[in-house]
Structures are given as C-alpha cells and as structure tokens.
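Student: Could you take me slowly through one part of this protein, namely its aromatic rings, and show me how they fit in with what surrounds them? I would like each term explained when it comes up.

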Amino acid sequence: MVGTLGNSAFSGCSSLTGELNFNSRLSPINPYIFNGCRSLSGAIKWPTSTSITSIGEYAFNGCSSLSGEFINLPTSVNEIKEGAFQGCTGFTGPIILSNIKKVRSNAFHGCKGFSGSLTIKVADSDNPTIIEKGAFDGCTGFKMEFLTFL
C-alpha cells in the first residue's frame, strides 16, 4: 500500500483511464503530482477516512480532458494550494469542495471548458472560507445557475 507519492510522481502522463483510487494512508497530495497530465478519464476516488488536508501547489496544473466525477474532495481537505488546478481544461463532472478553509491564489486560474457545477460548502460560519485573489480568475464554462456557496 502506497503512503506517499513524491513531487511530480505522475507529471506529464497521458491517457490515464479508469478510476484513480487514493487510499486512506496517502498523505499529502504533493506539489506537481499530476502536473501537465493529458486525457485523464474516469473518477478520482478519495477514501472516506483520510489524513489528506491539502492539495499541493500545482498538483493538477495544466491537466487536460478531465472527464468523470473528478473533484469531490474529502472533508479532511481544508486547503487548495496555489495553482493546484491552474490551467486545467475539460472538467465534465461537478466540483464539490467541502469544509474548505482556504482556496489559495490561482488555484483554478485559467481553467477552461467546464461543463459541470461548482459547490463550495463552508462548515464553520464562525471561520469563513478565504478565497484569495485570482483563485478562479479566467475560468469559463461553469453552469452558473448551479454555482453555490453553502
């Protein structure tokens, strides 16, 4: 069972299909882990119980043709670091961010071709979510009628 994937572990991969299952012992999601990957199809499955608390800098930066239920982060993730999904294209599934405390600058900057919805769930109204400048700058294609802040 893999507990750690190093920086840039799958950087530049192409045509990854099927489900990507992260196990409960994997921590953290390191910087550049899937940087520049192309044609990722299928779902990324996160364990219900995990110690992952953040998505690292540029972890999925520049990924293209992302299809399936791609981003439904576990509730343990409370921070999306700078550029984590910057420049990604082709999200077809919903993006659900639960229990997020910080979305860092450029986290989703320049993402194009979204055909799903964006939901940000804030669990603690006493400590509001911080969305830094430029976090969603230049994004296109979200179904705005489904853009939700809870």
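Tutor: Read from the start of the sequence, the pattern is β-β-β-β-β-β-β-β-β-β, with 10 strands and 0 helices in the protein. Helices (H or I, at least four residues) and strands (E, at least two) are DSSP runs, numbered from the N terminus. The model is predicted, so local features need pLDDT of at least 70 and side-chain atom pairs count only at pLDDT 80 or more, while totals for chains, interfaces and linings use all residues. Residues are numbered from 1 along each chain as its sequence is written, and side-chain values use heavy atoms, with hydrogens and water left out.

Now to the rings. A pair of aromatic rings is described by the distance of the centres and the angle of the planes. Rings of Phe, Tyr and Trp (its six-membered ring) pair if their centres lie within 6.5 Å, and planes under 30 degrees apart count as stacked, over 60 as edge-to-face and the rest as tilted. By this rule there are 6 aromatic pairs. One of them joins Phe10 and Phe34, which are stacked with 5.1 Å from centre to centre and 5° between the planes. Phe10 lies in the segment before β1 (20–21) and Phe34 in the loop between β1 and β2 (44–45), so this pair ties together parts that are 24 residues apart in sequence. The two partners are covered to different degrees, where buried means under 20% relative accessible area, exposed over 50%, and partly exposed in between (1.4 Å probe, protein chains only). Phe10 counts as partly exposed at 29% relative accessibility, whereas Phe34 counts as buried at 2%.

Phe85 and Phe108 have ring centres 5.0 Å apart and planes at 10°, so this pair is stacked. Phe85 sits in the loop between β5 (79–80) and β6 (95–98) and Phe108 in the loop between β7 (102–103) and β8 (118–121), so that the pair links distant parts of the chain, 23 residues apart. Both Phe85 and Phe108 are buried. Phe10, Phe34, Phe60, Phe85, Phe108 and Phe136 form one aromatic cluster.

Some of these rings also belong to a wider nonpolar core, a set of buried Ala, Val, Leu, Ile, Met, Phe, Trp, Tyr and Cys residues joined through side-chain atoms within 4.5 Å. The largest such core has 35 residues, and those with the most contacts inside it include Phe60, Phe85 and Phe108. The elements that give two or more residues to this core are β6 and β8.

A polar residue, Asn61, touches one of the rings: leaving aside residues up to four places away in sequence, its contacts (heavy atoms within 4.5 Å) include Phe34, Asn35 and Ala84. Asn61 lies in the loop between β3 and β4 and is buried, with a relative accessible area of 18%. The side chains of Asn61 and Asn35 are joined by a polar contact of 2.8 Å; such a contact is a pair of N or O atoms within 3.5 Å, and within protein one must be able to donate a hydrogen and the other to accept it, while residues adjacent in sequence count only if both atoms are side-chain atoms.

Gly56 is found in the loop between β3 and β4 (71–72), where Gly56 is buried with a relative accessible area of 4%. Among the residues that Gly56 touches, not counting those up to four places away in sequence, are Ile29, Lys81 and Ala84.
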